[in-house]
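Please find below a short note for colleagues who will work from these coordinates. It takes up the interface, the nonpolar cores and the make-up of one chain in turn.

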Amino acid sequence: MTVKNELRHAWIITVKEIRQLSRKKALMVPLFLFPIIMIIFFGYGMGGTVKNAPILIVNDDTGTDSASLIQEIGAYTSSYNGNPMFTVTYTRDMSQAEAESKIDAGIYKAVLLIPHDYSERLIKNDDVTLTLLTDASDPTTSGIIISFMQQLMSRPGPVSLDIPNIYGNLEYLDFLTPAVIALTIFMGSVATTGSAIAGEKEDGTIVRILMTPVSRRSVILGKTIYQLILQLARAVILILAAYFLVGFHMNGSWLLVALVLTIFTLGGVGMGIVMSTRVDDMESFFQLNLLFTLPSMFITGVFFPLSSIPDWMRYIAYCLPLTYANDAMRTIMIKGQGLSAISTDLIILTLFALITFSSGVHLFRREA
Amino acid sequence: MNPIIEVRDLRKIFHSRGRKIIAVDDVSFDIMEGEIFGMIGPNGAGKSTIFSMLTTLVKPTSGSIKVAGFDVYKQDGKIRPVIGIVPQKLSLYPDLTAKENLELMGMLYDVPKNLMEERIEYYLKLVGLSSHANRYTGGFSGGMKQRLSVICAVLHDPQIIFWDEPTTGLDPQTRQSIWKLAKKFNSEGKTLVFTTHYMEEANNFCDRVAIMNLGKLVALDAPQSLKEKAGSDNLEDVFISLTGAEVRD
């Protein structure tokens with residue numbers, strides 16, 4: 001059988017898959033809406049900006065220079081739909097421990113401590129450090145407060161900001177979007193490939209296809225091409241939604257994003273094939289799928305950074321391919337880095353794709 | 001008549017959880033060109049395994065099979081275009097229309113487009129499904145699916161048609177129409193290989209019948225000769241006397 005013939009057969013399978021998908025309206029909706037819903041819910045619900053976040057300023061300064069700083073924070077209404085971001089309360093003579101307890105009680109999202117020698121040091125042009133306590137349990141709000149304070153302190157001068165327990169200064173949405181794309185592609189490619197094959201096994205249609213002169217290689221190739229088209233289309237929709245609905249900004253190369261997603265999709269397709277060869281029907285597949293993809297969703301740093309989870313969990317995360325896809329996507333999309341910065345991720349993802357894909361093809365050929 | 005399928009010393013052993021299962025045990029027979037050949041046997045007799053080996057889906061453990069002169073080990077790619085298979089599971093894509101299901105099979109068998117269109121129209125009319133050509137097969141009745149499934153198997157004009165339990169679960173009208181169709185294909189020179197549980201159908205329609213039991217071929221002859229040898233006028237009695245009366249798992 002010639003290569004041309006194999007490719008032609010593969011394309012027939014691809015077209016069949018697309019046609020089947022187009023008939024499954026009930027599947028199309030979640031397939032394309034799921035990523036958009038994720039972005040909107042997480043983008044607006046957890047990311048974006050804050051409104052009227054209560055801030056306490058403990059001003060122990062004995063001089064007058066702190067007045068301008070306080071005024072600036074208080075007047076900051078960097079409007080979000082006309083609402084000021086912060087509601088500021090002022091006090092003095094409060095210890096750091098007491099301030100922390102106020103945060104613990106949920107009264108304030110952040111407390112800024114201005115030392116008693118603030119004006120004195122400023123006049124002498126000595127270094128002076130302000131302390132910012134934030135509510136680490138609300139990373140979104142504290143992240144925004146921190147980034148605002150840092151901006152404020154970043155002008156030339158001796159004033160610096162000390163932020164205990166820094167969580168990060170990214171907006172949550174920026175952090176989230178690249179990983180949600182990777183997650184969506186991963187769960188989508190594993191689930192749709194595996195369930196399609198498990199479904200064909202259940203219906204017996206796969207046997208009919210395998211009885212024709214078409215090679216098993218062509219069957220797999222056809223299904224893979226279909227997955228690449230489907231998953232990249234989902235990624236595009238997701239990126240457009242993130243851009244237009246919640247204002248995500250892309251800093252890196254689209255080509256690299258496509259490269260990472262293509263390799264990752266191949267790995268997902270391979271994993272779907274491997275899992276589908278272990279089961280005889282759709283229901284078993286979905287249970288198996290849950291077992292493998294759900295942990296990935298929670299411990300590979302999609303929703304919170306890897307640095308914030310316990311060590312033992314991080315070691316598990318390092319065994320999961322989604323961890324590397326997340327890292328690669330963030331490195332490209334947020335940090336705007338090039339190929340060399342993601343080379344380790346790419347090597348691991350390529351290995352993942354090679355292993356799952358070749359064992360998928362092997363198991364699929366041995367079966368039926 | 002010349003043999004179109006030659007089976008020699010065929011064995012198939014499966015290994016399942018440390019157990020060795022001999023599904024087919026040293027079976028040899030020929031199927032002649034142009035005959036209607038039936039395979040009967042209780043559950044687990046090895047019919048389906050032989051069926052899968054004849055249709056290139058499963059490789060034998062030992063022994064040889066030649067289909068239309070081609071070896072199943074080395075030339076399965078040459079065998080597939082000359083055989084048509086109607087599987088027991090009707091295996092149609094429920095979200096494709098009758099016509100799309102047929103076109104898919106036609107394309108995978110490399111039937112030229114014009115010829116394919118012509119044949120689809122002809123066969124849909126032959127089995128009375130022309131008016132359902134553009135309906136999704138998900139809504140088809142068992143009989144309609146069986147008829148469509150047959151066309152899927154013959155679009156590429158195969159020399160041999162393998163038919164796994166063609167009438168199981170169908171009403172008498174559909175069964176009649178299926179056998180009429182089988183007779184028609186046979187009259188056009190095609191060889192037909194069936195498996196069935198219905199003794200009456202094996203008796204009425206098959207030129208020769210192979211009776212399998214526990215992986216072995218226990219009898220092979222024309223239904224009439226089998227009955228004469230056993231001194232019975234009923235093929236079912238012959239079958240029970242050869243394979244035993246106990247119920248199989």
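The numbered points below concern a predicted model.

1. Extent of the interface. The size of an interface is often expressed as the accessible area that is lost when the parts come together. For chain B and chain A, about 2,400 Å² is buried between them, and 60% of this lies on carbon and sulfur atoms. Three residues, B:Leu57, B:Tyr93 and B:Leu108, provide 29% of the area that chain B buries against chain A, which is more than any other three residues provide.

2. Residues in contact. On the side of chain A, 26 residues take part in the contact, and on the side of chain B, 25 residues do so.

3. Salt bridges and polar contacts. The rule finds 4 salt bridges across the interface of chain B and chain A. In one salt bridge, the side chain of B:Glu100 meets that of A:Arg19, with an N to O distance of 3.7 Å. Polar contact across the interface of chain B and chain A involves 12 residue pairs, with both residues at pLDDT 80 or more.

4. Elements and composition on the chain B side. Two helices of chain B, H3 (98-108) and H5 (142-154), each contribute at least two residues to the side that touches chain A. H3(B) gives the largest share of that side, namely 5 residues. By residue class, the side of chain B that touches chain A consists of 17 nonpolar, 3 polar and 5 charged residues.

5. The largest nonpolar core. Which residues have the most contacts inside the largest nonpolar core? They are B:Ile5 and B:Phe162, in a core of 47 residues. Strand E2 (residues 19-32) of chain B supplies the largest share of this core, 5 residues. When neighbours within four places in sequence are left aside, the contacts of B:Phe162 include B:Ile5, B:Phe51, B:Leu54, B:Ile83, B:Ile85, B:Val86 and B:Val193. B:Thr55 and B:Gly84 are also in contact with B:Phe162.

6. A second core. Separate from the core just described is a second one of 46 residues. Among its members are B:Ala98, B:Cys152, B:Leu170 and B:Ile211.

7. Chain A as a whole. Chain A contains 14 helices and 5 strands. Of its 368 residues, 50% are buried. Among the contacts in chain A with a separation of 6 or more, 78% are between residues 24 or more positions apart.

Methods: Residues are numbered from 1 along each chain as its sequence is written. Chains are lettered from A and ligands numbered from 1 in the order in which they are written. This is a predicted model: local features need pLDDT of at least 70, side-chain atom pairs count only at pLDDT 80 or more; totals for chains, interfaces and linings use all residues. Side-chain values use heavy atoms; hydrogens and water are left out. Contact means heavy atoms within 4.5 Å. Buried area is the accessible area (1.4 Å probe) that two parts lose on being put together, summed over both. A polar contact is a pair of N or O atoms within 3.5 Å; within protein, one must be able to donate a hydrogen and the other to accept it, and residues adjacent in sequence count only if both atoms are side-chain atoms. Helices (H or I, at least four residues) and strands (E, at least two) are DSSP runs, numbered from the N terminus. Ala, Val, Leu, Ile, Met, Phe, Trp, Tyr, Cys and Pro count as nonpolar, Asp, Glu, Lys and Arg as charged, and the others, Gly among them, as polar. A nonpolar core is a set of buried Ala, Val, Leu, Ile, Met, Phe, Trp, Tyr and Cys residues joined through side-chain atoms within 4.5 Å. Buried means under 20% relative accessible area, exposed over 50%, partly exposed in between (1.4 Å probe, protein chains only).
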